[in-house]
Every structure is written in structure tokens, then in C-alpha cells.
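Colleague: Before we start, I would like the labels explained and not just listed. Please set each value against its definition.

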Amino acid sequence: MRTATYFFIFLNLSLAVFEEPAVYPLPFLVTSLVEVLCLLVFFGRLTHFAKVTLRNVFWKDTKNICIMVAILFSLTDLAIYGVLRIYNVRSIRWSRIVRPIFLINFAESRQIRRAFRSIRNTLPEITYVFLLFMFSLLMFSLMALKLFGERNLQTAEGLPYFKNYLEIVFDLYVLVTTANSPDVMMPAFDFSSWYALFFIAFVIVNTYIFMSLFLAVVYNNYRKHLKVMFGGVNCD
């Protein structure tokens with residue numbers, strides 16, 4: 001039962017690769033039949049679990065309620081999408097976002113629930129570091145707008161350089177990953193090589209300091225919650 005449950009959960013999640021828009025598109029009839037089969041298996045597994053569990057215990061377990069709601073939502077969304085497709089009305093499968101619920105809430109997924117619960121408990125504790133990082137990003141973006149926005153610089157494609165504040169925020173956010181380095185600073189560097197100091201300072205503060213701090217806070221808090229969950233067992 002556990003192996004079959006895992007197989008159909010994996011099959012249900014993998015449908016995203018084959019459904020429109022897809023990497024390897026398959027006909028809608030094929031993907032819909034596979035999804036209905038998976039949902040029937042999930043419903044059968046839930047029914048089997050209800051047969052061997054006291055009724056009041058079964059209905060008090062939120063995991064079972066989540067699985068039932070996810071099945072109903074998926075079937076309803078699939079039916080609506082199919083009808084709209086018949087009338088050539090373009091729509092979106094909103095129920096795709098609930099598919100991970102099957103992975104988390106079945107009784108066989110106890111270890112995954114523990115990891116998910118640790119992540120959930122860690123999120124509030126990293127909020128302060130994330131807010132500090134966002135504040136730093138917004139302040140550097142504001143400085144970039146003041147430094148470069150009035151100098152009529154242009155990118156290699158001939159577009160205005162650092163004129164729009166939101167675009168600056170996005171470009172500097174990408175720079176945290178160094179994915180657009182050094183292209184993002186070349187117009188400013190061509191105007192004056194001293195402007196490279198701004199981008200060097202940005203990378204040092206946000207990439208090397210804030211990202212290291214962020215990773216340390218996430219790791220330490222996740223490890224702390226995981227140890228508490230396993231009753232103080234050493235997780236090293």
C-alpha cells in the first residue's frame with residue numbers, strides 16, 4: 001500500500017511536465033484520465049483508512065479533511081477545464097497547486113510532514129533577517145537611482161539605464177545571485193570606473209554578508225526544530 005501510494009503521488013505530481021503548458025505535451029484526454037485514476041486511488045486509500053479508524057478520530061484528523069477537499073477541488077477543476085476546452089475557452093488548471101497536499105497529508109508521509117513542519121516553524125524566525133535584507137536592497141536601489149538615473153546612461157541594447165526604481169530593484173535582486181554580473185554595472189563603469197565601487201559594496205553587503213547570515217539563521221533554526229521534534233536526539 002505504501003509503495004502504491006508513493007507511486008501514484010509521484011505520477012500525479014509528474015503530470016505538470018505533460019500538461020499544457022508543458023515540456024513534453026500530451027493530449028488532454030490522456031493526462032485527465034491519468035489524473036482521475038490517481039484521484040480514485042487516493043480516494044480508495046482514504047476510504048480504506050476510514051474503515052480501520054474510529055469515525056470520530058477520522059473526522060477530527062485535519063489531514064484526512066485536506067485530502068478529501070483536495071480530491072473534490074481537483075475533480076471540479078478538471079471538469080470545468082474540460083467543459084471550457086470543448087467550447088474553445090482558454091483557462092488555467094488552478095487545482096495544480098493543491099497536488100503537494102497528497103504528498104504531505106497521507107499517513108505514509110510522516111517524515112515529510114516532520115520536515116515540512118520544521119520549515120513552517122522556521123519561517124517566522126527568519127522574517128527579521130529577510131526584512132533587513134529587503135531594506136538593504138531597497139536602499140541600494142534608491143542610491144542607484146540617485147547616482148545613475150539623471151546621467152542619461154544607456155544599456156548595450158540602447159535602453160535607459162537605471163531610470164525606473166522597480167526595475168532597479170529587480171536588477172539588483174538578480175545581482176545578489178551574481179547572474180547578471182558584470183553586465184548590470186557596465187554602463188556605469190564605462191561612464192566612470194569609480195562607480196564599480198558601488199556594485200562591489202552591494203555584492204559584499206548583500207551577497208556575502210546577508211546571504212551567509214540568512215543561510216546560518218535558516219540552518220540553525222531548522223536544526224533546532226528538528227531536534228525538538230525528535231525528542232532531543234542529536235541530529236549531527
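**Labels and their cut-offs**

Colleague: What makes residues 26-44 a helical span?

Modeller: This span is 89% helix and 0% strand, and its end C-alpha atoms lie 26 Å apart. Helices here are DSSP runs (H or I, at least four residues), strands are runs of E of at least two, and both are numbered from the N terminus. The model is predicted, so local features need pLDDT of at least 70 and side-chain atom pairs pLDDT 80 or more, while totals for chains, interfaces and linings use all residues. Residues are numbered from 1 along each chain as its sequence is written, and side-chain values use heavy atoms, without hydrogens and water.

Colleague: Why is the label "transmembrane region" attached to residues 26-44?

Modeller: The label comes from an unreviewed UniProt entry, which also gives it to residues 65-84, 126-145, 165-182 and 194-219. UniProt positions follow the numbering used here, feature names are shortened, and annotations may be inferred rather than shown by experiment. Of these spans, residues 126-145 are 100% helix and 0% strand, with end C-alpha atoms 29 Å apart.

Colleague: What does the record list for residues 6-223?

Modeller: The unreviewed UniProt entry lists "domain: Ion transport" there. In the model, residues 6-223 are 71% helix and 0% strand.

Colleague: How many helices and strands does the protein chain have?

Modeller: There are 9 helices and 0 strands, so the pattern along the sequence is α-α-α-α-α-α-α-α-α.

Colleague: How do you know how the protein chain compares with a compact globule?

Modeller: By the radius of gyration, taken over C-alpha atoms; the globule rule is 2.2 Å times the number of residues to the power 0.38. For 236 residues that gives near 18 Å, but the protein chain has 25 Å. The C-alpha trace spans about 75 × 55 × 25 Å along its principal axes.

Colleague: Why is Leu72 called exposed?

Modeller: Exposed means over 50% relative accessible area, buried means under 20%, and partly exposed lies in between (1.4 Å probe, protein chains only). Leu72 is called exposed because its value is 53%. Leu72 lies in helix α4, residues 62-86. Across the protein chain, 33% of the 236 residues count as buried.

Colleague: What share of the contacts joins residues at least 24 apart in sequence?

Modeller: A contact means heavy atoms within 4.5 Å. Among contacts between residues at least 6 apart in sequence, 65% join residues at least 24 apart.
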